[in-house]
Every structure is written in structure tokens, then in C-alpha cells.
Amino acid sequence: MQAKTWTLRIAEVIKQRYPDAKIIFFGSRIRGDYLKDSDYDIIVVSKAFKGKHFTKRSSEVLRALWNAGIVGDFEILCYTPEEFDKKKKSLGIVREALREGIVV
């Protein structure tokens with residue numbers, strides 16, 4: 001599936017569950033240098049994650065995708081807006097995702 005097609009479908013499903021979500025697609029799938037078995041890297045930022053355990057957040061997003069018939073190897077990182085603002089100021093994956101990714 002082309003990057004534009006899968007990003008739009010995934011964003012649609014995530015926004016149905018988390019209307020305030022900021023979604024960032026990044027990594028090899030976006031850069032175009034992916035391999036057949038490369039995963040899909042996604043950051044989701046929403047107020048709805050406040051008070052939820054970090055791993056439960058990504059499980060919820062994966063379940064929403066699964067229920068919509070979207071199955072794949074996903075690496076999903078979920079942050080509250082406050083966590084995201086803090087992470088984007090330091091070196092790391094969030095800053096890299098903002099540099100190379102597509103924000104929806």
C-alpha cells in the first residue's frame with residue numbers, strides 16, 4: 001500500500017477514537033527506504049492518554065486499528081500533549097519523527 005493511502009486510512013481510524021489526536025507517521029515507510037518486513041512507525045498525541053499506563057495506550061490504538069480491519073506490524077508511541085512537548089525538546093525518537101515525519 002502506498003504511504004499516502006495507508007496514512008490516511010490509519011489517521012481516519014485513530015481520529016474516530018481520539019478526535020483531538022495529532023498523528024505523526026515516520027521511519028522507513030515514510031522515507032521510502034523500507035524493507036518488505038519493516039514496521040509502520042506512528043506517534044499519537046492525545047489528551048485521552050492522561051492517566052493511562054504507557055503500554056495500555058498503544059494497545060488501545062492497535063485494537064482500534066484491528067477492529068477497523070487494519071492489520072500490520074506497527075510501532076505506536078502514544079503521548080499526552082504535555083509529554084510530547086517535553087520529549088520533542090530532547091534528543092530522541094520524537095524529535096527525529098518531527099524532523100522526518102508527516103504530521104496529520
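**Note on the fold and its sheet**

1. Among the contacts that link residues at least 6 apart in the sequence of this chain, 60% bring together residues that are at least 24 apart. The reader should keep in mind from the outset that this is a predicted model, and that the points below describe that model.

2. On overall dimensions, a compact globule of 104 residues would be expected to have a radius of gyration near 13 Å, and the chain, with 13 Å, agrees with that expectation. Taken along the principal axes, the box filled by the C-alpha atoms is roughly 35 × 35 × 20 Å.

3. As for cover and surface, 40% of the 104 residues count as buried, while the area that the chain exposes comes to about 6300 Å², of which carbon and sulfur atoms supply 53%. The chain carries 20 positive and 14 negative charges, and the mean positions of these two sets lie 5 Å apart.

4. The secondary structure consists of 5 helices and 4 strands, and these follow one another along the sequence in the pattern α-β-α-β-α-β-α-α-β.

5. How are the strands arranged in the sheet? The sheet is open, has 4 strands in the order 3-2-1-4, and shows mixed pairing. Strand 3 (74-79) and strand 4 (102-103) each have a single partner strand and stand at the edges, so each of them has one side without a neighbour in the sheet.

6. Strand 1, residues 22-26, is joined to strand 4 by 2 bridges, and the two run antiparallel. Strand 1 also runs antiparallel to strand 2, residues 40-45, and here 5 bridges make the connection. Phe25 illustrates both pairings, since this residue stands opposite Ile102 in strand 4 and has Ile42 as its bridge partner in strand 2. Strand 1 is mostly covered, with 4 of its 5 residues buried.

7. In which sense do strand 2 and strand 3 pair, parallel or antiparallel? Strand 2 and strand 3 are parallel, and 6 bridges hold the pairing; one of the residue pairs involved is Val45 with Tyr79, the latter being its bridge partner in strand 3. Although strand 3 stands at an edge of the sheet, strand 3 is mostly covered, with 5 of its 6 residues buried.

8. A residue that deserves a look of its own is Ser46, which lies in the loop between strand 2 and helix 3 (54-67). Is Ser46 buried or exposed? Its relative accessibility is 0%, and Ser46 therefore counts as buried, the cut-off for that class being under 20%.

9. Which residues does Ser46 touch, if those up to four places away in sequence are not counted? They are Tyr18, Asp20 and Ala21, together with Tyr79, Thr80 and Pro81. Tyr79 thus appears twice in this account, as a contact of Ser46 and as the bridge partner of Val45. With Val71 the picture is one of separation: Ser46 and Val71 are 25 residues apart in sequence, and their C-alpha atoms are 22 Å apart in space.

Definitions and conventions:
Residues numbered from 1 in each chain as written. Predicted model: local features only at pLDDT ≥ 70, side-chain atom pairs only at ≥ 80, totals over all residues. Heavy atoms only, no water. Rg over C-alpha atoms; globule rule 2.2 N^0.38 Å. Buried < 20%, exposed > 50% of the residue type's maximum accessible area, 1.4 Å probe, protein only. Contact = heavy atoms within 4.5 Å. Areas by Shrake-Rupley, 256 points an atom, 1.4 Å probe, with all protein chains shown as cover. Lys, Arg positive; Asp, Glu negative; His and termini not counted. Charge placed at Lys NZ, Arg CZ, Asp CG, Glu CD. Pairing = 2+ DSSP bridges.
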